[in-house]
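Biologist: Please pick one part of this chain and go through it closely. I would like to know how it sits among its neighbours.

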Amino acid sequence: MTIKLSKYWKCQLAGWTLTYCFSTVVSLLNNVPLKNMIPVYLIFIVIGMLITHLMKNIMEWLRILQKKFFYQMLWVLISTVIFAILYLFITNFIVNFLNSKNFIHDVINANRLYLRNLLFNFGANALIFLTWNLFYFAYYYLQRAKKEEHLKFNRERELLELEAKALRSQMNPHFIFNCLNSIKSLIQQHEEEKSVNYLTTFSKLIRTLFNNAEKKEISLYDEIETCKLYLQLEAMRFDTRFSYDVHVDENLDLKSFEVPALIIQPFIENAIWHGIVPKGEGGHIDLSVIRKVNSVEIIIDDNGIGREASKQNKSAS
């Protein structure tokens with residue numbers, strides 16, 4: 001049966017073991033046999049881990065980590081003193097008990113300072129528990145910072161998803177209204193064939209938009225098909241004002257790439273409304289999808305009035 005320790009207990013074990021490794025070195029310098037030190041120090045390590053675990057549970061029960069910084073520091077000082085005294089009392093009791101059994105007589109003789117100078121030992125224990133407290137608080141604040149960063153990232157991602165969904169829904173009202181007006185105009189002009197073609201293309205686009213409305217990402221193939229339908233409708237609506245071409249790299253599998261829904265359409269719409277429409281006649285739009293080494297490049301090129309002229313028109317209006 002394999003026992004797996006959590007990160008918390010691994011840190012506890014590592015910290016207390018390191019503490020008594022130092023004590024072992026001191027004892028070896030005092031010529032204490034290793035076989036006499038190990039049993040005692042193993043007991044002290046276990047006691048230390050239990051006491052600091054008790055300190056952690058009391059801290060959580062009192063909700064110290066949720067209180068103000070002043071109360072947290074007050075807890076650090078008070079708990080350091082109380083648990084240092086508790087640890088000193090328990091370890092002294094164990095040492096005296098084992099000494100009465102003549103089990104570690106050599107250890108006691110080599111560590112007379114431990115029994116005679118209680119103030120020094122209290123200071124050493126207080127330093128250990130103060131260090132434990134500071135490490136625990138540092139770990140807690142680090143974990144809280146990571147958690148807050150993760151929550152912030154999730155909130156920003158959800159916000160971006162909502163914005164993208166809102167943009168997808170915003171495209172529909174104006175565009176649908178304009179398309180319906182165009183269909184109405186064609187019917188009134190008795191251009192039945194054009195109106196049927198327009199209505200068929202329009203219904204395909206609407207169905208595509210509804211299918212992708214709740215999706216965060218769609219295949220690049222579906223996105224390009226949506227753009228084709230959009231270009232076809234706008235070309236029909238503006239009659240012969242502009243033409244368009246769509247070029248896709250033959251070595252590119254569009255279905256293997258995922259992109260946010262309607263990420264390309266707004267750029268095409270801007271090219272039409274701010275570049276082609278003000279030009280009047282002879283407009284042309286090229287939509288190209290090109291494979292690069294580690295990416296896919298999508299280019300929307302138009303022969304409209306240009307960005308500078310478009311900015312001037314926008315400022316004037």
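Modeller: What follows is a close look at helix α8, with a little about the rest of the chain before and after.

This is a predicted model, in which local features need pLDDT of at least 70 and side-chain atom pairs count only at pLDDT 80 or more, while totals for chains, interfaces and linings use all residues. Residues are numbered from 1 along each chain as its sequence is written, and side-chain values use heavy atoms, with hydrogens and water left out.

First, the setting. The chain has 10 helices and 5 strands; these are DSSP runs numbered from the N terminus, helices being H or I with at least four residues and strands being E with at least two. Of its 317 residues, 32% count as buried, where buried means under 20% relative accessible area, exposed means over 50%, and partly exposed lies in between (1.4 Å probe, protein chains only). When contacts between residues at least 6 apart in sequence are taken, 73% of them join residues at least 24 apart; a contact means heavy atoms within 4.5 Å.

Now α8 itself. This helix covers residues 220–237, which is 18 residues. The expected span of a helix is 1.5 Å times one less than its number of residues, so α8 should span 26 Å, and its end C-alpha atoms are indeed 26 Å apart. Several of its residues are buried, among them L220, I224, C227, Y230 and L233. After the helix comes D239, which has a positive phi, near 60°.

Two helices that pack against α8 come next. Two packed helices are described by the angle between their axes and the distance between the axes. Here axes are lines fitted to C-alpha atoms, for helices over the stretch in contact, and angles run from 0 to 180 degrees between N-to-C directions.

One partner is α9, residues 265–276. It packs on α8 at an angle of about 20°, and the axes are 10 Å apart. The two are therefore roughly parallel to each other, since angles under 35 degrees count as roughly parallel, over 145 as roughly antiparallel, 65 to 115 as roughly perpendicular and the rest as oblique. Their crossing is right-handed: the near helix is turned clockwise from the far one by less than a right angle, whereas anticlockwise would make it left-handed. From α8, residues including E223, C227, Y230 and E234 take part, and they meet residues of α9 including Q265, I268, E269 and W273. E269 is partly exposed, because its relative accessibility is 30%. In sequence E269 and Y230 are 39 residues apart, yet their C-alpha atoms are 8.8 Å apart in space.

The other partner is α7, residues 192–212. It packs with α8 at an angle of about 150°, again with axes 10 Å apart, and this crossing is left-handed. Among the α7 residues in the meeting are Y198, F202, L205 and L209; among those of α8 are T226, L229, Y230, L233 and R237. Y230 therefore appears on both lists: it is one of the α8 residues that meet α9 and one of those that meet α7.

W273, named above in α9, leads a little further out. Its C-alpha is 9.4 Å from that of G304, although the two are 31 residues apart in sequence. G304 lies in the loop between β5 (296–302) and α10 (307–316). With a relative accessible area of 21%, G304 is partly exposed. Neighbours within four places aside, G304 is in contact with G275, I276 and K279.
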